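Hi,

Here's the structure I promised to pass on to you. Have a look at it first, and then read my notes underneath.

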Amino acid sequence: METTVPSFVLDAASSAKRITVLTGAGMSAESGVPTFRDAQTGLWEQFDSEALATPQAWDADTDFVWACYVWRMALVRRVSPNAGHIALARWQAVSDLRIATQNVDDLHERAGSEVLTHVHGSLFASRCSGCEAPYDAEIDLPDEPFERITPPVCPGCGGAVRPGVVWFGENLPEGSFDSAVDAVTDSDLVLVVGTSGMVYPFAALPEIARGGGARVVEINPNETALSRSLDFSWQEGAAIALPALVDALGIP
Ligand code: BV8
Ligand code: ZN
């Protein structure tokens with residue numbers, strides 16, 4: 001069944017010279033990656049994802065938290081970019097389109113997109129929790145989830161290797177938030193795709209975009225904390241809406 005692109009969205013996208021797309025976990029949902037606030041799958045079902053994504057959880061039970069992130073790496077390695085990721089790559093190939101994502105997966109890149117910034121880091125950028133040195137050795141990804149895995153140790157200082165993600169209470173990577181602010185304040189159109197808009201400072205970007213004169217459109221099947229403060233809320237999934245929009249723009 002053909003998806004109709006709302007006229008507000010099509011007009012804004014057709015006339016936009018510079019576009020920034022802000023993505024959250026919903027962008028990867030149709031690839032089979034559970035969103036951040038969906039109940040954690042499997043072993044971690046009974047744990048609140050926010051409680052797990054903290055330095056306190058890591059200090060309290062390093063092997064448990066490392067096992068959780070190794071499982072998420074394995075899961076992302078098993079899935080593929082969805083039609084939404086691919087549509088953004090098609091669009092970026094012919095337009096001034098930047099992507100700033102909260103997602104720690106690499107599905108935008110695997111679809112062929114260039115990502116301006118991963119404000120919450122990356123699952124595949126493990127580093128030493130002591131000296132911060134990047135850890136580039138292969139990490140064994142299991143076929144099924146393990147409750148506890150002892151993380152590798154840093155060859156340089158013997159510190160425990162940690163996931164390359166930003167936990168709650170940790171600062172964003174140097175300059176990442178500023179580059180996202182520069183992008184949205186320099187755009188005519190900002191798309192906010194697949195985020196509940198609850199995590200700051202990223203969730204402040206749509207408001208900052210509007211302050212900079214951009215039209216801001218949300219693509220999300222559900223209403224969110226941001227819905228009322230945007231120009232248009234398109235209640236549709238990313239893997240449906242984005243291909244329909246890119247097709248309607250006549251992009252190959
Ligand atoms: C920081 C990595 C200082 C780990 C994550 C005010 C200002 C500054 C900070 C704060 C503040 N108030 C509170 C804070 C502290 C905190 C915070 O925001 N807490 C929240 C809970 C209130 N923030 C921090 O600690 C941040 N650090 O602030 O440092 C600072 C201050 C100023 C400037 C710079 C620095 C660090 C936060 C980073 C936390 N780490 N991830 C990991 O992944 O394990 S955040 C985590 O949540 C993920 O990255 C995720 O992307 C992110 C947001 O979640 P969403 O992406 O929105 O996902 P969610 O599941 O919530 O929603 C999915 C959505 O998709 C839903 O709406 C659903 O309807 C939709 N959807 C479903 N299917 C589809 C779909 N949409 C489209 N298509 C579909 N098919
Ligand atoms: Zn080290």
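The second largest pocket holds about 210 Å³ of space. This is a predicted model, by the way, so please read everything below with that in mind. The residues lining that pocket are Met73, Arg77, Leu123, Phe124, Ser126, Tyr135, Asp136, Ala137, Glu138, Ile139 and Leu141. Two elements, α4 and β4 (121-128), each give two or more residues to this lining. Of the elements, β4 contributes the most, with three residues. Sorted by class, the lining has seven nonpolar residues, one polar and three charged.

Now for the largest pocket, which has a volume of about 950 Å³. It is lined by 50 residues, and the ones closest to its centre are Ala25, Thr35, Phe36, Arg37 and Asn103. Helix α4 (residues 62-78) turns up here too: it supplies six residues, the largest share of the lining. By class, you get 25 nonpolar, 17 polar and eight charged residues around this pocket.

Next, the metal. Which residues hold the zinc ion (ligand 2)? The protein donors are the SG atoms of Cys128, Cys131, Cys154 and Cys157, and they lie 2.2 to 2.3 Å from the zinc ion. Along the sequence, these donor residues follow the spacing C-x2-C-x22-C-x2-C. For four tetrahedral donors, the ideal angle at a metal is 109.5 degrees. At the zinc ion (ligand 2), the angles among the four donor atoms run from 98 to 118°, and the site is tetrahedral.

Two of those cysteines make a nice exercise in reading accessibility. Is Cys154 buried or exposed? Cys154 has a relative accessibility of 6%, so it counts as buried, the cut-off being under 20%. Cys157 is at 42%, which means that it counts as partly exposed.

Then take a look at helix α9 (residues 238-248), which is mostly covered, with eight of its 11 residues buried. Those eight are Ala238, Ala239, Ala241, Leu242, Pro243, Ala244, Leu245 and Val246. What do they pack against? Their partners are two helices, α1 (7-15) and α5 (83-94), plus the strands β6 (189-193), β7 (215-219) and β8 (232-234). After α9 comes Gly250, which has a positive phi, near 75°.

One of those partners, strand β7, contains Val216. Val216 has a relative accessibility of 0%, so it counts as buried. Leaving out neighbours within four places in sequence, Val216 is in contact with Val190, Val192, Pro206, Ala209, Arg210, Leu230, Asp231 and Phe232. Val192 sits 24 residues away from Val216 along the chain, yet their C-alpha atoms are separated by 7.3 Å.

Last stop: the loop between β7 and β8, where you'll find Ser227. Ser227 is a loop residue, but with a relative accessible area of 12% it is buried. Setting aside neighbours within four places in sequence, Ser227 touches Glu218 and Ser233. Try tracing from Ser227 to Gly197 as well: they are 30 residues apart in sequence, and their C-alpha atoms are 9.0 Å apart in space.

That's it from me. Have fun exploring!

Cheers

How values were computed. Residues are numbered from 1 along each chain as its sequence is written. Chains are lettered from A and ligands numbered from 1 in the order in which they are written. This is a predicted model: local features need pLDDT of at least 70, side-chain atom pairs count only at pLDDT 80 or more; totals for chains, interfaces and linings use all residues. Side-chain values use heavy atoms; hydrogens and water are left out. On a 1 Å grid over the protein atoms alone, a cavity is a set of points where a 1.4 Å probe fits but cannot get out, and a pocket is an open set with protein on both sides within 12 Å along at least five of seven lines; lining residues have an atom within 4 Å of a point. Grid points are joined across faces, edges and corners, and a volume is the space filled by probe spheres set on the points. Helices (H or I, at least four residues) and strands (E, at least two) are DSSP runs, numbered from the N terminus. Ala, Val, Leu, Ile, Met, Phe, Trp, Tyr, Cys and Pro count as nonpolar, Asp, Glu, Lys and Arg as charged, and the others, Gly among them, as polar. Donors are N, O and S atoms within 2.8 Å of the metal (3.2 Å for Na, K and Ca); water is not among the atoms, so sites may look incomplete. Four donors count as tetrahedral if all angles lie between 85 and 135 degrees; four count as square planar and six as octahedral if opposite donors are over 155 degrees apart and all others between 65 and 115; anything else is irregular. Buried means under 20% relative accessible area, exposed over 50%, partly exposed in between (1.4 Å probe, protein chains only). Contact means heavy atoms within 4.5 Å.
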